[in-house]
Amino acid sequence: MLEWLAAFGGTASGGVTRLLYSDTWIQAQQALKKVMQAKGLDVRFDEVGNLFGRRIGVEEPESVILTGSHIDTVKDGGEFDGAYGIVASLMAVQRLYEQYGPPKRTIDIVSLAEEEGSRFPLTFWGSGWITGRYNLDQAEHIYDKDGISLKEAMEGAGFGAKPMPIERKKPKAFVEVHVEQGIVLERKKKSIGIVSHIVGQRRYTVHFKGESNHAGTTPMSMRKDAMRLMAEWTVFLLTEAELLDESLVATVGKVTAKPNMPNVIAGEVECSLDARHYDSSVLDRFEKKIEEFETHVKTRGMTMSTQRWMSIEPVKLDQAMMKSAARQAKHLGLSYETLISGAGHDSQVFGGYCPTMLLFVPSRHGISHSPDEWTEPDDLEKGIQMLMGELYTLAYV
Ligand SMILES: NC(=O)NC(NC(N)=O)C(=O)[O-]
Ligand SMILES: [Zn+2]
Ligand SMILES: [Zn+2]
């Protein structure tokens, strides 16, 4: 199923690119809808394109246990990130049904519209919509690199048309399984990760403005080189990050220069900054360093501006559910480790909204967001068994 799903947006390098509301994204959601229907689930899309497959509860149909993950990917990502959580939910719910019949409480499998923030400068659109973190106003003034607004893209994919605001119903719990995307489980030879915290994350777009001019005739002392300024800023900030706290991570992963020519001094540079830590006060202190550099730029005859477009607080996941997962792992004879996630997850959004559990399975060599992402089928199976056990406890007992 994972291979089948990876074909929607498959790339030449063996990876997957499935950006929010793109043709391949629509095809994948539609194909999943058919799979859900074939399994006898009640299927619906919500206003933004989250896909739900429902197994209705026979005793407490109003109590909903939500389980799933996201369908979008980064550019040239792997076939497991997000997709595994959806496939695992489908398998677990199907097996429970075959073994025990319909649940007491309703189980909704969800294929969330978007998590990564790869197309638009916005993350967690799918889970953010469900939990009320986002509403449609946010969709109007957010643009992708081609100038298409989130709203336009959503309508192009056939969503966003219903009257807003809508009434949201809180699920009783959210359960997500995901690949670890890190090396801890593999190193410690553990099968299951039980996530206790997810780090806080902030993303920025930074703009540097100098003056473009001839690369041969402009003396070094007379230049306003935006590329050089960006490079100095990068070294300054990443060094500060290292000094500030050993758990702080900061990344400058995306750069565009103007006019982007070998023989022209760059007049403008735009880049990204991503910073993460499990304590938001450390992120606040890091932000002060950004301001410090901005002050220093004023003396250089150039300008810079920093826009923070994403900020999500660190989250502590539900303790009772963590204990339940540990019991489940022992019951199944699976080794487990309690972990902090350095990657953002939909569970982070749900974690502030309803009791939430996030489980990991190992990632080979800790690699993810790459075509080389891989998890052994045995490990995938163990994750499904854990999910089955937890869904049984939540929906059948
Ligand atoms: N699990 C993820 O890869 N998440 C990524 N995406 C978000 N939205 O956090 C990330 O950058 O960590
Ligand atoms: Zn990801
Ligand atoms: Zn993911």
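R18 counts as buried, because 30 C-beta neighbours lie inside 10 Å. A residue is called buried if 20 or more other C-beta atoms lie within 10 Å of its own, exposed if 12 or fewer, and partly exposed in between, with C-beta atoms placed from the backbone. R18 sits in the loop between helix 1 and helix 2. Helices (H or I, at least four residues) and strands (E, at least two) are DSSP runs, numbered from the N terminus. Setting aside residues up to four places away in sequence, R18 touches F8, G9, T24, W25, A28, I71, D72 and T73. Contact here requires C-beta atoms, placed from the backbone, to lie within 7 Å. R18 and F208 are 190 residues apart along the chain, and their C-alpha atoms are separated by 31 Å.

The model is predicted: local features need pLDDT of at least 70, side-chain atom pairs count only at pLDDT 80 or more, and totals for chains, interfaces and linings use all residues. Residues are numbered from 1 along each chain as its sequence is written, while chains are lettered from A and ligands numbered from 1 in the order in which they are written.

The loop that holds R18 also contains Y21, between helix 1 (2–6) and helix 2 (23–38). The backbone of Y21 is notable for a positive phi, near 65 degrees, in a residue other than glycine. Y21 is buried, because 27 other C-beta atoms lie within 10 Å. H369 is not a glycine either, and its phi is about 55 degrees, again positive. This residue, H369, lies in the loop between strand 14 (356–361) and helix 12 (377–395). H369 counts as partly exposed, because it has 18 C-beta neighbours inside 10 Å. A cis peptide bond runs from K258 to P259, with omega near 0 degrees. P259 belongs to the loop between strand 9 (255–258) and strand 10 (268–277).

At the level of the whole chain, there are 12 helices and 14 strands. The radius of gyration is 23 Å, which agrees with the value near 21 Å for a compact globule of 397 residues. This radius is taken over C-alpha atoms, and the globule rule is 2.2 Å times the number of residues to the power 0.38. The C-alpha trace spans about 80 × 45 × 40 Å along its principal axes. Buried residues account for 44% of the 397 residues. Of the contacts with a separation of 6 or more, 77% join residues 24 or more positions apart.

Helix 12 takes part in two helix crossings described here. Its axis and that of helix 3 (residues 83–100) come within 9 Å and cross at roughly 55 degrees. Axes are lines fitted to C-alpha atoms, for helices over the stretch in contact, and angles run from 0 to 180 degrees between N-to-C directions. Helix 3 and helix 12 are therefore oblique to each other. Angles under 35 degrees count as roughly parallel, over 145 as roughly antiparallel, 65 to 115 as roughly perpendicular and the rest as oblique. The crossing of helix 3 and helix 12 is right-handed. A crossing has this hand if the near helix is turned clockwise from the far one by less than a right angle, and is left-handed if anticlockwise. On helix 3 the contact involves Y84, A88, S89, M91, A92, V93, R95 and L96; on helix 12 it involves L380, G383, I384, L387, M388, L391 and Y392.

The axes of helix 10 (residues 319–332) and helix 12 come within 10 Å, at a crossing angle of roughly 125 degrees. This pair, helix 10 and helix 12, is therefore oblique. Its crossing is right-handed. S324, A325, Q328, A329, H331 and L332 of helix 10 meet Q385, M386, G389, E390 and T393 of helix 12.

An unreviewed UniProt entry lists "domain: Peptidase M20 dimerisation" at residues 200–292. UniProt positions follow the numbering used here, feature names are shortened, and annotations may be inferred rather than shown by experiment. This stretch, residues 200–292, is 34% helix and 29% strand, and its end C-alpha atoms are 22 Å apart.

The unreviewed UniProt entry also gives the feature "binding site" at R203, N263 and R276. These positions spread over 74 residues of sequence and up to 36.4 Å between C-alpha atoms. R203 lies in strand 7 (residues 200–209). R203 is buried, because it has 22 C-beta neighbours inside 10 Å. Beyond four places in sequence, R203 contacts S272, D274, W309 and M310. R276 is part of strand 10. R276 is buried too, because 25 other C-beta atoms lie within 10 Å. Not counting residues up to four places away in sequence, R276 touches V199, G200, Q201, V249 and G342.

Note on methods. Two residues are in contact if their C-beta atoms, placed from the backbone, lie within 7 Å.
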